[in-house]
Amino acid sequence: RTVSVIGMGYIGLPTCAIFAKSGIDVLGVDVNEDVVAKVNRGEIHIVEPELDGLIQKMVETGKLTAYTTPQPADAHIIAVPTPFMSEHDHTPDLSYVMAAARSLAPVLKRGDLVVLESTSPVGTTRNMTMLLAELRPDLRFPHLHGEDADVLVAYSPERVLPGKVLTELVDNDRSIGGLSKASAQRAVALYTTFVAGDLYITSAESAELVKLTENAFRDVNIGFANELAAVCQQLGLNAWEVIELANKHPRVNILSPGPGVGGHCIAVDPYFIIEAAPDSTHIMKAARQINSDRPYSVVRDVEMLLDPNKHQTIACLGLSFKANIDDMRESPAVDVVRLLSELRDVRILAAEPHAKGLPKSLQGLGVEFTDPLTAIDKADIVVLLVDHRHFNLIDPDALKDKKLVDTRGLWTWRKARRTDARIEGRNS
Ligand code: SAJ
């Protein structure tokens, strides 16, 4: 049996590795020639724990081979990006999915299974199938021929967390949305080769919305935490303390405030629901607004601490989009540093222990890259942007004479909490 995976990115490449590990011959496909050449040398172009060794082994044993165009196979998985059009136009950009379908169409044959894994607006799997049917009038597809189709089509979204991809791919439950019963069953048979979690069958449209819903849920909950942070700031209270104590309630579980929501999914996916149902998405829209305004409110907090008569140094700690990873793309921390660099009469020092230098978007803005302790030492104001474990270990004495903007509550609450008295419950 052969499986081809179209798109060897953050999801596609680990998926290639896991299928190959379970004994299937895998054909990895990517339009980027460098990626293909790299994979065929047993190397990888993304950072993900334990992926490099596994890819190397699978290529060496001949289980994984990479190509620049789709190849004949029994099952084809499409795992390409679905961004939105631009920063100002949040309509989904489906060109990668449709281009993948176009390139796949010529190699499709009777009995093949096609699974779309890319996060997609509701209806994409069906639209993609319509395109395949147009390009291959000699084959029957499930949107027209139901259970009598020649090619089976399904949607099954990944839900893995960057940094834990190889374990979550195996352990997480999965939704499988078939365009027909037979499609769903074939997709279930495919994923049982490596998924240890449960597989739930539904329609392609429901599965599409399930994926979007998961990330919109998280965005709304982070939005609630960020709104609470603004309320607490107005009332002179510590948001992290309020949240921690509210979370002692057995049915309350508030997430953590921060400088905004980054990454490639949570700040994007809610728009796919909002676009589809603009009149019914008040909470999702509000959360998006709150979360995308956060970098500006961090800058306002810094401005309040600035002395207008002095040239001051601001140390920004952390540039990645979340704790303990090196990924600085779509990072609210990077947005904050960029906005701070526009202020007058300030020197900006940025530190990111997981990186060797500034990301491209901060180069040429006068921002200096340095290590955290040097940045703190030279700073009048220290802005903590990412709750890396590394920053937890910083000696509080180093921060003693500094003005602090702690966007993650790492120093101002978590440290204080350790020394606070807690009255133990009777059963403890
Ligand atoms: N964040 C907060 N406060 C929190 C939690 C997160 O401000 O309490 C921020 C983070 O700092 C980061 C952003 O939100 O900037 C997103 O981080 P994340 O850890 O919530 O999520 P991602 O983007 O790494 O991965 C998410 C996951 N989705 C959910 O948890 C519902 C993952 O399971 C998905 O597979 C992934 O999106 C995806 O690919 O869709």
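Here are some questions and answers on helix packing and nonpolar cores in this predicted model.

Q: Is helix α1 mostly covered or mostly exposed, and how many of its residues are buried?
A: Start with who is tucked in: Gly12, Leu13, Pro14, Thr15, Cys16, Ala17, Ile18, Phe19 and Ala20 are buried in α1. The helix has 10 residues, so with the cut-off of 20 or more other C-beta atoms within 10 Å, α1 comes out as mostly covered, and the buried count is nine.

Q: Which elements are included in what covers the buried residues of α1?
A: Strands do part of the job, with β1 (2-6), β2 (25-29), β3 (64-67) and β4 (75-78) included in the cover. Helices pitch in too, and these include α3 (51-60) and α7 (165-171).

Q: Which residue with a positive phi follows α1, and what is its phi near?
A: Just look past the helix: α1 is followed by Gly23. The phi of Gly23 is positive, near 95°.

Q: Which helix gives the largest share of the largest nonpolar core?
A: In general, nonpolar side chains in soluble globular proteins tend to be buried together. Here the largest nonpolar core has 58 residues, and Val5, Ile6, Cys16, Ile55 and Ala154 touch the most other members. Its largest share is six residues, and they come from helix α1 (residues 12-21).

Q: Which residues is Ile6 in contact with, leaving aside neighbours within four places in sequence?
A: Ile6 is one of the core members that touch the most others. With the sequence neighbours set aside, the contacts of Ile6 are Val29, Pro70, His76, Ile77, Ile78, Ala79, Val80, Ala100 and Leu104.

Q: How many residues are in the other core, apart from the largest one?
A: This core lies apart from the 58-residue one. Among its members are Val299, Ile376, Val383 and Val405, and its size is 33 residues.

Q: At roughly what angle do α4 and α5 cross?
A: On the α4 side, Val97, Met98, Ala101 and Arg102 meet Thr124, Met128, Leu131, Leu132 and Leu135 of α5. By class, that contact has seven nonpolar, one polar and one charged residues. The crossing is right-handed, the axes come within 9 Å, and the angle is roughly 30°.

Q: Why is α9 called oblique to α10?
A: Ala225, Leu228, Ala229 and Cys232 in α9 meet Ala239, Val242 and Ile243 in α10, a contact with seven nonpolar, no polar and no charged residues. The axes of α9 (residues 204-235) and α10 (residues 239-246) come within 9 Å and cross at roughly 125°. That angle lies outside the parallel, antiparallel and perpendicular ranges, which makes α9 to α10 oblique.

Notes:
Residues are numbered from 1 along each chain as its sequence is written. This is a predicted model: local features need pLDDT of at least 70, side-chain atom pairs count only at pLDDT 80 or more; totals for chains, interfaces and linings use all residues. Axes are lines fitted to C-alpha atoms, for helices over the stretch in contact, and angles run from 0 to 180 degrees between N-to-C directions. Helices (H or I, at least four residues) and strands (E, at least two) are DSSP runs, numbered from the N terminus. A crossing is left-handed if the near helix is turned anticlockwise from the far one by less than a right angle, and right-handed if clockwise. Two residues are in contact if their C-beta atoms, placed from the backbone, lie within 7 Å. Ala, Val, Leu, Ile, Met, Phe, Trp, Tyr, Cys and Pro count as nonpolar, Asp, Glu, Lys and Arg as charged, and the others, Gly among them, as polar. Angles under 35 degrees count as roughly parallel, over 145 as roughly antiparallel, 65 to 115 as roughly perpendicular and the rest as oblique. A nonpolar core is a set of buried Ala, Val, Leu, Ile, Met, Phe, Trp, Tyr and Cys residues joined through C-beta atoms within 7 Å. A residue is buried if 20 or more other C-beta atoms lie within 10 Å of its own, exposed if 12 or fewer, and partly exposed in between; C-beta atoms are placed from the backbone.
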